[in-house]
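Please take a moment with the sequence and the model below before reading on. The paragraphs after it are meant for someone meeting this structure for the first time.

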Amino acid sequence: MRAPVIDGLLVAVDERCELGCKFCLRADVGREALDLPTYARALSRCKEFGATSVCLSGGEPTDHPDFLDLVRVSVQFGYACSVVTAAREGDRLKALSAAAGLLSHVTVSADSLGAQRVGATARTVEGTAAVFEALGHRRASLHVTVWELTDDDVEAMAEIDERFGVEFELSPLLLTDHQLKKATAGAVRHQYTKDLDLLMSRFGLSARFRSAVDNLDRAVAGVLDRSCTSDRLYLSPRGMLRRCPYDKADEVDVRQPRDGLAQGIRALHASHVLVGSRCALVCGE
Ligand SMILES: C[S@@+](CC[C@H](N)C(=O)[O-])C[C@H]1O[C@@H](n2cnc3c(N)ncnc32)[C@H](O)[C@@H]1O
Ligand code: SF4
């Protein structure tokens, strides 16, 4: 039987995150961080299955004490290494700058003013200017989580576009179950549509946003989602490989002996997973 081919790895380097966005939907929340030997082992084994890229996410990857080494070891193994970060200043920005030259891409996360209110975040769009400046290259994009979008948000985004010309990624804020209790499904869908209309009138259609809204609509309507076709695996901070970040029932420990791990990776690859609205946003698949 031919070995399955893995495109790459989405890596959650830490279960903790001091930023504490109230809407955060990362799959692994706790106190553990990924250690270098476990990460190196995952890189080595997944390379045998053809993996060529890694995306370091989290938690907040730049808070990891070995962030630079995680990037270095990825590159040493021949991977294209990207990062998703909410860094803006201080030690986080220093860590990001130190690794910038080695990174194939940096996605800088920001929130619309409405999303900042819901999540009690300070991840402003304006604040990303310091990050794009510090990077010293344009292998970067601005990822905005959108909720109750206003003209002020759109102006801030347009300014970043004008100054840095980086790619934009927009996704609707996915409310947590707790936050959803305070709003009807109809009201939430109405807000998504309003945000989408404003985006379309100012920037043209965002395909990613449209498909994320479609996914959310289908989830709210109880329609079964499509099968996941991703060839990327997820590595948790505890060194567990999963096909889907949220499917903790189906995971493989990268520290097990080579044969067992290879068998586990084959089984993960062959497993049938449905795309939900959450993973569609987190994975971008
Ligand atoms: C879990 S974070 C980890 C990386 C890093 N801490 C950051 O925030 O960029 C990965 C991405 O998920 C997005 N995200 C988290 N919760 C979300 C939600 N409820 N709705 C939409 N996007 C969300 C973040 O904005 C970020 O772009
Ligand atoms: S979205 Fe990112 S920055 Fe915010 S709490 Fe989650 S992991 Fe931390």
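What follows moves from the chain as a whole to the surroundings of its two ligands.

This is a predicted model, and its chain holds 11 helices and 9 strands. Of the 285 residues, 51% count as buried, while the chain exposes about 13,100 Å², of which carbon and sulfur atoms supply 51%. Among contacts between residues at least 6 apart in sequence, 74% join residues that are at least 24 apart.

Ligand 1 has 18 residues around it, and those that come nearest are Phe23, Gly59, Ser109, Arg123 and Leu174. By class, this shell is made up of 8 nonpolar, 7 polar and 3 charged residues. Because domain 1 (1–103 + 230–285) and domain 2 (109–126 + 139–223) both give residues to the shell, ligand 1 lies between them.

Some individual atom pairs can be followed here as well. A polar side-chain atom of Ser109 lies 2.5 Å from an oxygen atom of ligand 1, and a polar side-chain atom of His143 lies 3.5 Å from an oxygen atom of this ligand. With Gly59, a backbone N or O atom is placed 3.0 Å from a nitrogen atom of ligand 1. On its own, ligand 1 has 550 Å² of accessible area, and the protein covers 92% of that. The elements that give two or more residues to the shell are strand S3 (80–85) and strand S5 (140–146).

Turning to ligand 2, the residues around it are Cys17, Leu19, Gly20, Cys21, Cys24, Arg26, Gly59, Ala86 and Arg123, a shell that by class has 5 nonpolar, 2 polar and 2 charged residues.

Terms used:
Residues are numbered from 1 along each chain as its sequence is written. Chains are lettered from A and ligands numbered from 1 in the order in which they are written. This is a predicted model: local features need pLDDT of at least 70, side-chain atom pairs count only at pLDDT 80 or more; totals for chains, interfaces and linings use all residues. Side-chain values use heavy atoms; hydrogens and water are left out. Helices (H or I, at least four residues) and strands (E, at least two) are DSSP runs, numbered from the N terminus. Buried means under 20% relative accessible area, exposed over 50%, partly exposed in between (1.4 Å probe, protein chains only). Contact means heavy atoms within 4.5 Å. Accessible areas come from the Shrake-Rupley method with a 1.4 Å probe; for residues, only the protein chains shown count as cover. A residue is near a molecule or strand if one of its heavy atoms lies within 4 Å of it. Ala, Val, Leu, Ile, Met, Phe, Trp, Tyr, Cys and Pro count as nonpolar, Asp, Glu, Lys and Arg as charged, and the others, Gly among them, as polar. A polar contact is a pair of N or O atoms within 3.5 Å; within protein, one must be able to donate a hydrogen and the other to accept it, and residues adjacent in sequence count only if both atoms are side-chain atoms. Domain bounds come from an automatic or database domain assignment.
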